[in-house]
Amino acid sequence: MTDRREVWITGVGLLTCLGEGLEAAWNYFERGEPPPYDAKTFAPYIVHPLPAVNFDKQIPKKSDQRQMEMWQRIGVYAAGLALGDAGLAGKPDLLDHTDMIVAAIGGERDIAADSAIMTGMRRAEKPAAFLNERLMNDLRPTLFLAQLPNLLAGNISIVHGVVGSSRTFLGEEFAGVDAVRIAQGRVAAGQSEVTLVGGASHGARWDHLLCFEFDGAPLKDKFAPVWDRKPEGGIAYASLGAFLVLESPEHARARGARPRARISAVYSGRNRRTEGEIEATLRQQWETIKPKVNRAGAAVLSGATGIEPATSAERRVLEEVGLPVRNTGTYIGHGIEAQFAANLGIGCLVLEHGALVPPSGSGDAGESPPSLSQLLVTSVGAWRGEGLALLERVN
Amino acid sequence: MAEASSGAAAATRDKAGRPIVAVTGIGLVTSLGVGKSDNWAKLTGGVSGIRRVSRFPTEGLKTTIAGTVDDVYKDYMSPAELSERIALLAGEEAIEQSGIGSKGHFPGPLCLAPPPLEVEWPARFKMDEMAAANDDAGYHVLIRVAREYAANFGAFRFGIVGERLAEHFGTEGSPISLNTACASGAAAIQLGLEAIRRGECTAALAIGADGSVTAESLVRFSLLSALSTQNEPPEQASKPFSKNRDGFVIAEGAAALVLEDLAHARARGARVLGIIEGCGEKSDSFHRTRSSPDGKPIVACIRNALADAGVSPDDVDYINAHGTSTPENDKMEHLGVATVFGERIKDIPISSNKSMIGHTLTAAGTVEAAFTLLTLEHQRLPPTINYKVPDPAIALDVVPNVARDAHIHRAISNSFGFGGQNVCLVMAREPA
């Protein structure tokens with residue numbers, strides 16, 4: 001396509017264990033304090049929970065809050081921050097044609113109800129009849145809506161009035177990468193003028209941890225930076241929400257909005273993850289993007305999760321690439337579908353400050369270039385999916 | 001854009017200068033059977049696929065019927081396994097008809113609409129048994145044996161269906177698993193359509209698949225009062241647009257469409273089964289499960305689709321209804337189409353496949369697009385069965401009870417879902 005146009009990021013909404021908004025995250029990085037994690041509540045598992053959040057600020061109606069489970073509240077909150085940052089919040093004429101792509105996990109369970117059913121089942125004489133009876137009596141009607149993956153988007157429509165269109169992608173990290181890739185592609189090709197894209201994850205939950213313990217993925221016992229969790233590796237799951245507003249320059253200029261950064265390319269790929277395949281996919285993505293990269297002003301913002309062998313595979317390729325590297329996962333933990341949008345948001349912040357955050361862990365390398373103008377943002381999924389984006393400063 | 005007005009290229013670009021997107025392969029699995037010829041024969045024969053649930057005991061449930069894919073289901077298949085299986089069958093049928101690519105290599109991306117997946121009750125109960133805990137049950141107990149469970153029975157993974165299908169068909173890039181509730185299947189087609197229009201690919205494999213009838217899925221929809229409770233006789237429960245309609249019937253099914261740049265399809269001599277001319281969306285911020293009472297989002301969705309296709313309401317000859325058989329949907333859909341098409345709506349036949357196959361949930365948009373393409377191909381309108389007590393408030397030609405022949409060139413298919421999801425597809429016969 002020769003008629004592609006630029007795509008700007010005009011809004012970022014970030015809610016992580018470092019606090020609310022980009023400046024809170026920046027200040028936390030700058031202070032050089034240890035990452036905020038919780039090793040006790042879900043021991044032996046280590047998670048990055050959110051600090052106290054006053055959800056009323058973005059979800060004023062208690063009746064709306066009651067219709068959501070926590071992952072949805074986190075997402076609706078972060079989406080509201082992004083819309084506010086972009087200057088779209090409360091503007092129905094703009095929100096009417098604002099598109100939306102959400103990457104979601106869903107499936108948040110009623111832990112009390114499920115636990116009671118499992119306990120009762122141990123002594124049930126007619127197991128199937130017992131399950132039917134308990135489900136009919138114990139499930140809350142509204143819980144289903146809190147489990148449906150697309151109801152994060154649905155709640156964003158209801159609470160914030162984003163009604164251009166709404167799509168939800170499923171499938172762990174690569175859902176988050178493809179959400180951004182397709183949002184970027186649609187704006188670039190003129191299929192959308194402005195798109196809200198992102199996701200939310202509520203990692204500080206037993207049912208959530210269970211889904212990933214099948215693979216032994218959650219980080220246990222001892223915290224370490226993502227690069228230094230070998231040999232077993234491990235992911236410190238996070239509760240976090242992250243949304244971006246992607247917009248055409250024409251649309252942004254017409255309403256007087258300024259770009260935080262330009263998102264020039266997004267690639268996603270998959271392979272079977274046999275030995276060497278992660279590296280091959282990442283090298284191919286790097287070769288594709290390399291002609292656009294000015295090494296003197298470029299660095300890598302890695303989304304490494306801490307799981308092995310994916311983290312070491314990414315590190316090998318980044319060492320070949322040889323640009324300065326910083327990771328975010330050591331500080332904000334891992335929010336799966338929401339992580340890529342979170343890292344792009346942090347990337348905007350890094351470009352605006354013109355300096356990398358301090359290194360954390362042995363894979364963070366190099367010094368901040370004096371004129372930092374490009375960031376390569378990576379995503380190597382715990383199980384599948386390799387992604388890479390190019391973020392650039394807009395002069 | 002310039003070549004759109006000249007010679008041979010004009011025939012493969014639309015009015016907006018975009019590549020025209022053809023369908024060159026269709027695959028179908030529903031409660032009526034496996035394969036499109038069997039499905040089409042039964043659908044136009046007015047046969048219902050709705051029956052009593054036999055897969056698990058229904059004691060204590062309000063609704064005990066469903067449109068299950070019993071021809072495919074085998075004991076102990078999880079929703080992920082069954083959804084993958086029917087998606088695979090539909091995909092193979094579509095690719096074989098299309099003749100595109102080579103075995104194990106489909107030259108384009110996979111756009112999949114799978115059901116949302118989670119750890120299921122049989123797995124939870126098995127893990128609780130394996131844990132043999134003395135304390136109360138709960139996820140903190142299950143997690144102790146999760147790795148041992150996975151070693152014996154396989155790990156749970158959210159993206160498993162798309163991953164395995166991408167591996168099987170050899171599609172390119174990262175598989176997209178899309179969920180927009182009951183509009184998912186239509187949105188999957190839209191993703192492929194848009195990717196071809198962007199020039200990212202010349203073909204895409206769109207699949208909607210839902211094999212998730214479980215006790216809990218029945219209970220969840222029951223608690224929202226969405227399901228018909230008229231269990232006897234099962235085949236008469238789904239009665240869209242009837243006055244006595246009382247809810248939808250949950251069902252399983254899958255459909256696959258091979259979407260292809262028309263220029264690419266013609267260049268390789270492929271048979272063109274139909275054209276996806278356009279797609280429209282509009283979200284509804286009124287309520288989580290109900291449509292805005294003024295019908296504006298549905299109206300905007302259909303109008304967006306017609307505008308995207310570059311056609312007017314007068315150009316539409318048939319409507320494949322969302323037609324769920326819930327009191328709410330059918331009333332709102334009538335308001336929507338009556339507003340868009342005005343007085344002419346009385347002359348546009350509109351029928352609901354769901355009267356026979358039930359509501360195939362995340363697959364419905366793809367399944368019904370496949371049936372719409374077959375409707376255009378065969379010039380025969382499938383009926384709305386069980387139409388015995390017309391709703392006087394819904395004055396529509398629903399093709400009552402019996403299929404009929406018709407001359408139609410262009411059709412739309414509506415899909416509306418919880419969470420304010422509205423998608424409308426515009427399909428037509430191959431242009432001359």
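**Notebook: strand 8 of chain B, then chain A**

I started with one bridge: Ala204(B) has Leu259(B) in strand 8 of chain B as its bridge partner. Note to self: this is a predicted model.

Next I looked up the strands behind that bridge. Strand 7 of chain B, residues 203–210, runs antiparallel to strand 8 of chain B, and eight bridges join the pair.

Then I checked strand 1 of chain B, residues 21–30. I found that it also pairs with strand 8 of chain B in the antiparallel sense, over nine bridges. Leu259(B) turned up again here, as the bridge partner of Val23(B).

Is strand 8 of chain B enclosed or not, and why? I went through residues 253–261, and nine of the nine are buried, so the strand is largely enclosed by the rest of the structure.

I also looked at which way the residues point. Gly253(B), Ala255(B), Leu257(B), Leu259(B) and Asp261(B) go one way, while Ala254(B), Ala256(B), Val258(B) and Glu260(B) go the other. Both sets are buried, and yes, that includes Asp261(B) and Glu260(B).

Over to chain A for the overall picture. I noted 15 helices and 11 strands there. Its C-alpha trace spans about 70 × 55 × 40 Å along the principal axes.

How does the radius of gyration of chain A fit a compact globule? For 395 residues such a globule would come out near 21 Å, and chain A has 21 Å, so the two agree.

Two last entries on chain A. Buried residues make up 60% of its 395 residues. Of its contacts with a separation of 6 or more, 82% join residues 24 or more positions apart.

Note on methods:
Residues are numbered from 1 along each chain as its sequence is written. Chains are lettered from A and ligands numbered from 1 in the order in which they are written. This is a predicted model: local features need pLDDT of at least 70, side-chain atom pairs count only at pLDDT 80 or more; totals for chains, interfaces and linings use all residues. Helices (H or I, at least four residues) and strands (E, at least two) are DSSP runs, numbered from the N terminus. The radius of gyration is taken over C-alpha atoms; the globule rule is 2.2 Å times the number of residues to the power 0.38. A residue is buried if 20 or more other C-beta atoms lie within 10 Å of its own, exposed if 12 or fewer, and partly exposed in between; C-beta atoms are placed from the backbone. Two residues are in contact if their C-beta atoms, placed from the backbone, lie within 7 Å. Two strands pair if DSSP finds at least two bridges between them.
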